[in-house]
Amino acid sequence: WARNRGATTRALTLACRWGFDVLGLKVVNLMTLPGNTASERVAQKAGFVLLGMVQDYKPLRALDPEARHEVKQWVLRGIGSDEDPRAT
């Protein structure tokens, strides 16, 4: 019922705003699997900037401890950050 109604984008935006305002985060990173266009659109609509591909990403809590994935890395910097969004 929530598909294509902006619910995920709104939830991501609120969670990031809370992280910046309450927790004092400066940067939020997001990973998407290549070809997952819905997640990529959510990231873009929430203001994330694509940094590029990570070829050998190892998830911290993978069911298979040897799992490796190719992922797209996105970054969102807090308001007032003077840094280039592509700086890591």
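This report describes the fold, the core and a buried charged pair in a predicted model.

## Overall layout

The protein has 2 helices and 3 strands. From the N terminus, the order of elements is α-β-α-β-β. Of the 88 residues, 24% count as buried. Contacts over long sequence distances are well represented: among contacts between residues at least 6 apart in sequence, 56% join residues at least 24 apart.

## The nonpolar core

The largest nonpolar core has 10 residues. Its members are Leu12, Cys16, Phe20, Val28, Val42, Ala43, Ala46, Phe48, Trp74 and Leu76. Three elements each supply at least two of these residues: helix 1 (7-21), helix 2 (37-45) and strand 3 (69-77). Helix 1 gives the most, with 3 residues. In soluble globular proteins, nonpolar side chains tend to be buried together.

Val28 belongs to this core. Beyond its neighbours within four places in sequence, Val28 is in contact with Cys16, Phe20, Phe48, Trp74, Val75 and Leu76. Among those partners, Cys16, Phe20, Phe48, Trp74 and Leu76 are also listed in the core.

## Helix 1

Helix 1 has 15 residues. From its first C-alpha to its last it reaches 21 Å, close to the 21 Å expected at 1.5 Å a residue. Its buried residues are Thr9, Leu12, Cys16, Gly19 and Phe20. They lie on the same side of helix 1, because they cover an arc of only 95° around the axis. What do these buried residues pack against? Their partners are strand 1 (27-32), helix 2 and strand 3. Leu12, Cys16 and Phe20 are members of the core.

## Helix 2

The buried residues of helix 2 are Glu40, Val42 and Ala43. Seen down the helix axis, they fall within an arc of 160°, so they line one face. On the other side of helix 2, Gln44 and Lys45 are exposed. The buried residues pack against helix 1, strand 1 and strand 3. Val42 and Ala43 belong to the core.

Lys45 has a relative accessible area of 64%, which is over the 50% needed to count as exposed. Lys45 and Thr9 are 36 residues apart in sequence, with their C-alpha atoms 6.7 Å apart in space. Thr9 is one of the buried residues of helix 1. Just after helix 2, Gly47 takes a positive phi of about 100°.

## The Lys72–Glu40 pair

How many salt bridges does a search of the whole structure find? The search finds 1. Lys72 forms a salt bridge with Glu40, and the closest N and O atoms are 3.1 Å apart. The pair links distant parts of the chain: Lys72 lies in strand 3, Glu40 in helix 2, and 32 residues separate them. The side chains of Lys72 and Glu40 are also joined by a polar contact of 3.1 Å.

Is Glu40 buried or exposed? Glu40 is buried, because its relative accessible area is 13% and the limit is under 20%. Leaving aside residues up to four places away in sequence, Glu40 touches Thr32, Leu33, Pro34, Gly35, Lys72 and Trp74. Trp74 is a core residue.

Lys72 has its own set of contacts. Beyond neighbours within four places in sequence, Lys72 is in contact with Leu30, Met31, Thr32, Pro34, Glu40, Leu50, Gly52 and Met53. Thr32 and Pro34 are contacts of Glu40 and of Lys72.

## Gln73 in strand 3

Gln73 is placed in strand 3. Not counting residues up to four places away in sequence, Gln73 touches Asn29, Leu30, Met31, Val49, Leu50, Leu51, Gly52 and Val54. Leu30, Met31, Leu50 and Gly52 are also contacts of Lys72. Gln73 and Phe48 are 25 residues apart in sequence and 9.6 Å apart in space, C-alpha to C-alpha. Phe48 is a member of the core.

## Selected C-alpha distances

The table collects two residue pairs with their separations.

| Pair | Apart in sequence | C-alpha to C-alpha |
|---|---|---|
| Lys45 and Thr9 | 36 residues | 6.7 Å |
| Gln73 and Phe48 | 25 residues | 9.6 Å |

Terms used. Residues are numbered from 1 along each chain as its sequence is written. This is a predicted model: local features need pLDDT of at least 70, side-chain atom pairs count only at pLDDT 80 or more; totals for chains, interfaces and linings use all residues. Side-chain values use heavy atoms; hydrogens and water are left out. A nonpolar core is a set of buried Ala, Val, Leu, Ile, Met, Phe, Trp, Tyr and Cys residues joined through side-chain atoms within 4.5 Å. Buried means under 20% relative accessible area, exposed over 50%, partly exposed in between (1.4 Å probe, protein chains only). Helices (H or I, at least four residues) and strands (E, at least two) are DSSP runs, numbered from the N terminus. Contact means heavy atoms within 4.5 Å. The expected span of a helix is 1.5 Å times one less than its number of residues. The arc is that of the directions from the helix axis to the C-beta atoms. A polar contact is a pair of N or O atoms within 3.5 Å; within protein, one must be able to donate a hydrogen and the other to accept it, and residues adjacent in sequence count only if both atoms are side-chain atoms. A salt bridge is a side-chain nitrogen of Lys or Arg within 4 Å of a carboxyl oxygen of Asp or Glu.
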